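I opened this structure to look up a few local features one at a time. My entries follow in the order I made them.

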Amino acid sequence: MMLFLCIPAAAAEEQADLTVLGIVPDISEPQRGDDVVFTVEYANVGNLSNESFVIFLFVDGTLEGQMDVFPLDAGEGASVDFFFHIGEDMEIGEHSVIAVIDASGQVSETDESNNDFEDYLFVSGIEKPDLFVEEIVWMPEFPKTGDEVTFSVMYDNQGTRNAGNGFGICLYVDDSQVAYEWVDDLQPGESSVYVCSWTVDPDVPDVLEGEHTVAASIDMEDENGDSGGIEESDETNNNFSKTFQVSEELPDLIIKDISLDPVSPKTGDEVTFSVAYSNQGALSAGGDFYICLYVDDFPVGSELVGDLQPVESGVCELSWTVDREVGEGEHTFTAYIDMEDRDGYSAYVEESDEANNKFTETFQVSEGNSESDGEPESEEESESDGEPESEEEPEGEEEPENEKEPEGEEEPESEVEPESESESEGEVEPENDGKPESKVEPESENESEGEVEPESDGKPESKVEPESEEKPESEEEPGIDEGPDLVIEEITWDPASPKTEDEVTFSVRYGNQGSLSSGKDFYICLYVDDSRLGYEKVPALLAGEKAVYECSWKLDRDLEGGSYQVTAYIDMKDKAGYSEYVEEESEANNDFSGTVQVEKIRSSGKLDISVADESTGEPVEGVEVYLDNTFIGSTDLEGFIRSEATQGETHIVNVLHPDYFESMKEVEMGYDEVTGVKMKIVCAKVPLTLNVEDSFGQPVSNAEVFIGNNFTGSTDLEGVLEVRLRQESDVLVRVEKGAYYPTEGHIHVGDRGDFYTLALKQEDPRAPTIEVSGISELGDGDSILEDGEELELDFFVRDESGIKTVRVEIDGTLIDTFHEEGAYKTVMGPLSAGEHLIDIEASDLDENEHKNHKEIPLEVSDKGPSVAFQCTKKELNVGETAVFDLGVMNPLGGKTMNVQLVVRPPSGVSVSGSYFVSSGGGMYQAEYTLEPGSEVRTISLEMIGNEVGKHDVEADVFYSFEEDKTYSQHDTLSLDIKASDSPFSSKDREPVESFTPESILGPVEDFIPESVKSFISEAPVFTGLVFIFVVLLLLSFSRRKG
């Protein structure tokens, strides 16, 4: 037996459940300045009615409004509107809108988790480009006069749409335009660089040393704004300027040294002077220049030499023959640079130092040898060298003993050393005070016999042998402190401007400028920077003797270009002083330096670059490849590109592809013919699903989708388009389709796929509505638009899609412009007499723009008359009298006019008297022809109040100019009649007969005092009218009193 126990389910608890169903703005994509109404839809989805509660609305987390709402029955829904103004400072883009219902928990609900709802509102702006110059950089950073400066102008479009066309960029240095270029269109967010060059011209005073300003202007042909054709959201940021410094640099030409060959010329010799010159300035000479040479005060010659770059050197050779007129002894040679003669003729080059263009040195000239006829010189029989007598020894002094020195005899302690080790013979020492004689060197190593310098009388001196061994010793004592002095005189090199892979030969000219021979061989070494290039042991040097040491330097192709210091050291094997043998008069002058400029010769090799996808290994086509920041091309179908690059250097290879992350690689370029580089890049895009629907949530097919202004594809039947976008990027997506308003939105793409919906709103084909609500004259208030008066126009413009532009013109002249819908008031004038046409044009924001026109014809009359309508009383009792006066005047400067004055009394009053009028049909009127500036014309009516109440007395003035149309002015005065306290009724009173002032008081002139008459005659027309009113009041008063 089975027992089933059934337990009924407990009844669900009855409670309310409030929820927000949605937030609907009345403008789907508002702009800055718009007023948006958010409709918050809410409902009670529970099974029990609720109490009243509060709904809050937040925009971007800020409370913008709250609303108390009534209770809802179970299943009932409702909505409430919140007003929100979008300020000009609100950012363009997506904003959060949240509605919260019953935030305080006042209503007990089954579900408290559904009491808030969040949606997003996209705020757009008027799409315009915004071009601006971001930065200006230049190279070199600190230019000097003569430099070519390269300016790089970085510019950008930070607007929301492309420029739509090319535009101009101009560059100024100070107030001078140095460059202008027409550049291509720029997309939103895109940037580019304009590069131009400018030379710091040393001949232009305005660009010399000091601070200067470089300024770039975009969308302009010049700094005045000419050709600024791009309408931008911000026109104030189209200029950019910076300052830079220019240092003034000039060449500095100098004579470095002068050498002569032979070193000790004799009369009759041809001497070659080698003038070594240099430019030690920072700028080239800028052209050819002269070098001239003088011996004593006589010009030797001049030569025009070529331009010289900074630190560059040269040698100029000039020849001179030692004529017999040139006396023996000391002479001076002087070289001048940048001048054809020493007076400065043809001094072309402006230099930083003009005081160092001269170089002077002295040299000795000796007389040539002479032989006695038939008598051989004693030196020919000697195997030893001889020395000449001292030139300072006067004639007639002790004659030398003209003896030949025996070969085996002990050599005296002489200061003269043999020229080579092969010379074994001793030297002859003269009988003088012990000073060393001038030494005569043999012309070659093969010559074994010395030359004897003749005395001043022309007779050759014979060699002098000391009379005794003791005499040389006693004569040597004065020369103990004397000695050799080895120096490096000059370093030259060939070629003068070497390049890498050249072999440079250095010629080190050295000498002994001391008073004694070096006595032994010694070393010379040569360094380039801190590296020893070579060294050599060279033979001993006699006093005054010179020689040349040569050393070669092979410039590798890896060597960097630039300046290298070459230094020669004498009497040492290295610069530390190793093997320093010779004790010298001065040890401080044993080195000499110069600077060699090496030009780098750059060779190129092939660089093969292949790019593949890192995950698949497949080659990637269309990859942009940059070599050292210079675009060299894109990869082909095989992901391959070949270029050339400088060998022996490190290069940077960058690769860019819109679907991949940028990749960079350093490449060491050797000297192989081909260098290969393989690069792997990582895909940077993720899948994204775009869903396009209409305002009713239905899919929209064949909608064109643009990403970043580039067409991407069209939606399918389900309104969906699958795309791949770069991860961690922000993109602008725009959707277009015929009969719909375009829509766009900013999308942030994360690191994974996502789904986005964009809504299209059907296009409104209607043109904007223009309604004119009023036209008012701003003048004398007579409601007639007259010459010289202004007009106020009130109108309203609206359109469902929004208003793009409203233009108000009169007779083709623009008066006002507006850019949104709403009610507007505009004033135009002063207007001239005649016909005018007002045109209001409005265009909407539809992609296919719709326009509407409203034309208002307008006629402006000539200046009309001045009108005054007045009364003596506006309140009176039944039976009392009031006088009404209507006056008119034609002002000066107008036209002759015909005027009709009409007064229409109302019922409830009776006219007891009239003046200057005719009557009929309940109207009183008078007609006048008024010349400009004529007297005031009036009509006057005396009215008695008969019926209690308010009564309007109407007056009209009709006027015309010649045969022109008729104009009218209308006015009304209100008369308030009250019940009379008098026992007499108005209906029992006899009607008052018509009268004139003269019938009662006699002539008016008799009634007016003389002083008043005089004032009236002098007063202007308007003043006269007032006085007439006063007279009429007096007349009325007199009647009542009588």
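**Strand 53 and its partners**

I began with the pairing of strand 51 (residues 866-871) and strand 53, which run antiparallel and are joined by 6 bridges. For the term: two strands pair if DSSP finds at least two bridges between them. Strands here are DSSP runs of E, at least two residues long, and helices are runs of H or I, at least four residues long, numbered from the N terminus. Within this pairing, Gln870 stands opposite Asp885.

Before going on I noted what I am looking at. The model is predicted, so local features need pLDDT of at least 70 and side-chain atom pairs count only at pLDDT 80 or more, while totals for chains, interfaces and linings use all residues. Residues are numbered from 1 along each chain as its sequence is written, and side-chain values use heavy atoms, with hydrogens and water left out.

I then looked up the pairing with strand 58 (residues 937-945): 8 bridges join strand 53 to strand 58, again antiparallel. Phe884 of strand 53 stands opposite Leu941 there.

How many residues of strand 53 are buried? I found 9 of the 9 (residues 881-889), so the strand is largely enclosed by the rest of the structure. Buried means under 20% relative accessible area, exposed means over 50%, and partly exposed lies in between (1.4 Å probe, protein chains only). In a regular strand the side chains alternate between the two faces of the sheet. I listed the two sides: Thr881, Val883, Asp885, Gly887 and Met889 on one, and Ala882, Phe884, Leu886 and Val888 on the other, all buried.

**Contacts across the chain**

I checked Val735 next, which lies in strand 40 (residues 729-736). Val735 is buried at 0% relative accessibility. From Val735 to Ile707 the C-alpha distance is 8.9 Å, with their positions 28 residues apart in sequence.

Asp780 sits in the loop between strand 44 (769-778) and strand 45 (790-798), and is partly exposed at 41%. Asp780 and Ser866 are 86 residues apart along the chain, and their C-alpha atoms are 9.1 Å apart.

**Backbone entries**

Where are the cis peptide bonds I looked up? One runs from Asp494 to Pro495, with omega near 5°; Pro495 is in the loop between strand 22 (486-494) and strand 23 (503-512). Another runs from Gly829 to Pro830, with omega near 0°; Pro830 is in the loop between strand 48 (822-828) and strand 49 (834-844).

I also noted positive phi values. Asp60 is not a glycine, yet has a positive phi of about 55°. Asp60 is in the loop between strand 3 (53-59) and strand 4 (62-69) and is partly exposed at 40%. Asp296 has a positive phi near 55°. Asp296 is in the loop between strand 17 (289-295) and strand 18 (298-305) and is partly exposed at 29%.

**Salt bridges**

A salt bridge is a side-chain nitrogen of Lys or Arg within 4 Å of a carboxyl oxygen of Asp or Glu. By this rule I have 24 salt bridges.

Glu489 and Arg509 form one at 3.1 Å, N to O. Glu489 is in strand 22 and Arg509 in strand 23, 20 residues apart. Arg509 is buried, at 15%.

Asp530 and Lys575 form another, with the closest N and O atoms 3.2 Å apart. This pair links distant parts of the chain, 45 residues apart. Asp530 is exposed at 63%, whereas Lys575 is partly exposed at 37%.

Asp659 and Lys685 form a third entry, at 2.4 Å between the closest N and O atoms. Asp659 is in the loop between strand 33 (649-657) and strand 34 (660-669), and Lys685 is in strand 36 (residues 685-694). Asp659 is partly exposed at 24%, and Lys685 is partly exposed at 21%. I also noted a network, joined by salt bridges that share partners: Asp257, Glu489, Glu490, Arg509 and Lys546.
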